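Please open the model in your viewer and keep the sequence panel visible beside it. This tour proceeds by selection: at each stop, select what is named and then read what is there.

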Amino acid sequence: MTGWVAANLISVLNGLAIGALLFVLAVGLSLVFGMMDVLNLAHGALFVVGAYVAAALTGGSASWGAFLGALGLAAVIGLLAGGLLSVMTEPLRRRSHLDQALLTLGVALIVAELLQILFGDDPLAVPAPPGLDGSTSIFGAAYPTYRLVLIGVGAVLAVGVWLLVERTTLGALVRATVADRDMVAAIGVDNRRVKITVFALGSLLATVAGVLGGPVYGASVGLDSTVLILALVVVVIGGLGSVRGALVGALVIGQIESLGRALLPDLASFVLFGALALVLVVRPRGLFGGRSGATA
Amino acid sequence: MTALAVEALTAGYDRSTVLSGIDLSVPTGGALGLLGRNGVGKSTLVMTLMGLVSPTSGRVLLDGRDVAGLRPDLIARAGVAIVPQGRRIWASLSVAETLALATRGHGRRWTVDTVLDLLPRLRERLGQQAGQLSGGEQQMLAIARALLTDPALLLLDEPSDGLAPAIVDQISQLLTTLRGEGVTLLLVEQDLHLAFAVCDRIAVMEKGRIVHEVTTAEFRADRATAHRLLGVA
């Protein structure tokens, strides 16, 4: 290995792990925003709900049963919460983004308050499942095994979401709805149902991301706004309604967050939002956002 | 039998009224050509009939059932389909995906095979992204998408727009074939030749109202009126 790679391997891997997590979080936000023009600022709160579910079920001690149980429970909560959010935002569909933002921000604040009442102010740790809590040697450098698995899980989910959107009838319906939802309605499809389905699946991915991110970030009040901002940056950079855009955007932001902080510690935030500003100026629709809507 | 009867229909956007009391009817299997200068409300009428613009008052009767104000998916299920202005195909979907989506949940009067028999060019483009098709092919796809919903009434908004004369001729033949199949047509057109070839009645709109309606033969014979209403010889 070259000296540069050896020196920064850990940062690159961390960037990949963060990117994998951000993709799982951001793809639902991107599809809901791109497809139904609904800006859901409660998306970060869903992530934190997943993290707290993981913290509550594992209780600070590593267990596969508790971790998998947390994934299952978070998935169910995500599905239900997504369905509910879809119904709540339906009357605001033809109103401005500000109205939607105020409603979903209100939901996010209520969720954060409830979590604070239930779990207190102190951050909670989420242990990685047994066997994944150690480290693995990569080219002589010790790296947390869980984060390696996280990269793999993110890759599998990325392929799964890509196949769902690109290769299934539901995916074609989603892409058509992103491109022109009026024409989808005009062939007899009640696109409120499509919206509920995508909202529910996107929210499921957000809560699952919260569980998966638990061993990295823990569970704490305030984490929701941090991850929401990162997810919004991913969506803007990748392009609305684009799975490929969400993936590339997440990987880019992951590297900026990790490698950027390692190489330019004083400028990391500037690099993050500088990249956002650059994309907005050069390509306002994002790297993969097309005029015609969703792309896989 | 009357396939479509519109009574005192008003509609618009936000606070502006575009349709100010439309009355028209089309018999089952008939074809009405809707002409008029730009901005008189033809497209708004088509969008309102499809449920994509909400009416503020009036009735839209399909075989006697009032569908005014219903959601577009319910109007589609009641037997109305649209070939909109600008085609509005789903550019990122392949032709095959578009046809498969349009077929979902509808009857089997029109199948992908029968539609492709009618529009053989699309058969050669099944795997291609809709956004990469030529303008004529995109129009064929928009018509195919509408047909696969098994419409009793087909609304077409300037299907000839931007197309070469040879393609317009194909569309003319296609619409004539559809009439033979019993599909009722409401055709908004700027191309008078297409409207005359397909429609048995012609209506002219001005400022959100129907101001003139006669048979196609009568319209063609009365050049003075055509010139006054449309500015054509």
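Helices (H or I, at least four residues) and strands (E, at least two) are DSSP runs, numbered from the N terminus, and two strands pair if DSSP finds at least two bridges between them. This is a predicted model, in which local features need pLDDT of at least 70 and side-chain atom pairs count only at pLDDT 80 or more, while totals for chains, interfaces and linings use all residues. Residues are numbered from 1 along each chain as its sequence is written, chains are lettered from A and ligands numbered from 1 in the order in which they are written, and side-chain values use heavy atoms, with hydrogens and water left out.

**First stop: a hairpin in chain A**

Select residues 135-138 and 141-144 of chain A, which are the strands β1(A) and β2(A). These strands run antiparallel and are joined by 4 bridges. Within the pairing, A:S137 has A:A142 of β2(A) as its bridge partner. The hairpin has 2 residues between its strands, and A:F139 takes a positive phi near 50° there.

**Second stop: the four-stranded sheet of chain B**

Now select β1(B), residues 2-13, together with β2(B), residues 16-27. This antiparallel pair is held by 9 bridges, and B:G12 has B:T17 as its bridge partner in β2(B). How many residues lie between the strands of this hairpin? There are 2 residues between them, and B:D14 takes a positive phi near 50°.

Add β4(B), residues 55-62, to the selection; this strand pairs with β1(B) in the antiparallel sense over 6 bridges. One of the points to find is B:L4, whose bridge partner in β4(B) is B:L62. B:L62 also has a bridge partner in β5(B), namely B:R65. The strands β4(B) and β5(B) run antiparallel and are joined by 2 bridges.

With these strands displayed, the whole sheet can be followed: an open sheet of 4 strands in chain B, ordered β2-β1-β4-β5, with antiparallel pairing. Its edge strands are β2 and β5 (65-66) of chain B, each of which pairs on one side only.

Next, select helix α1 of chain B, residues 42-50, which lies across β1, β2 and β4 of chain B. The helix runs at about 110° to β1(B); axes are lines fitted to C-alpha atoms, for helices over the stretch in contact, and angles run from 0 to 180 degrees between N-to-C directions.

**Third stop: the six-stranded sheet of chain B**

Chain B also has an open sheet of 6 strands in the order β6-β7-β8-β3-β9-β10, with mixed pairing. Because β6 and β10 (209-215) of chain B stand at the edges with a single partner strand each, one side of each is left without a neighbour in the sheet. On average, neighbouring strands of this sheet are turned by 20° against each other, direction ignored.

Select β3(B), residues 31-35, and β8(B), residues 184-188: they pair in the parallel sense over 4 bridges. Here B:A31 has B:L185 as its bridge partner in β8(B). Then select helix α6 of chain B, residues 135-147, which packs on the sheet and touches β6 and β7 (153-157) of chain B. The direction of α6 makes about 175° with that of β6(B).

**Fourth stop: where the chains meet**

Finally, display both chains. In contact (heavy atoms within 4.5 Å) are 22 residues of chain B and 20 residues of chain A.

Which charged side chains should be selected here? Begin with B:R88 and A:D180, which meet in a salt bridge at 2.7 Å, N to O; the term denotes a side-chain nitrogen of Lys or Arg within 4 Å of a carboxyl oxygen of Asp or Glu. The count between the two chains is 4 salt bridges. On the side of chain B that touches chain A, the elements giving two or more residues are α2 (72-77), β6 (80-83) and α3 (95-103) of chain B. Of these, α2(B) gives the most, with 4 residues.

Return to B:R88, which also meets A:D182 in a salt bridge at 3.7 Å, N to O. B:R88 lies in the loop between β6 and α3 of chain B and A:D182 in helix α7 (residues 181-185) of chain A, so this pair joins two chains.
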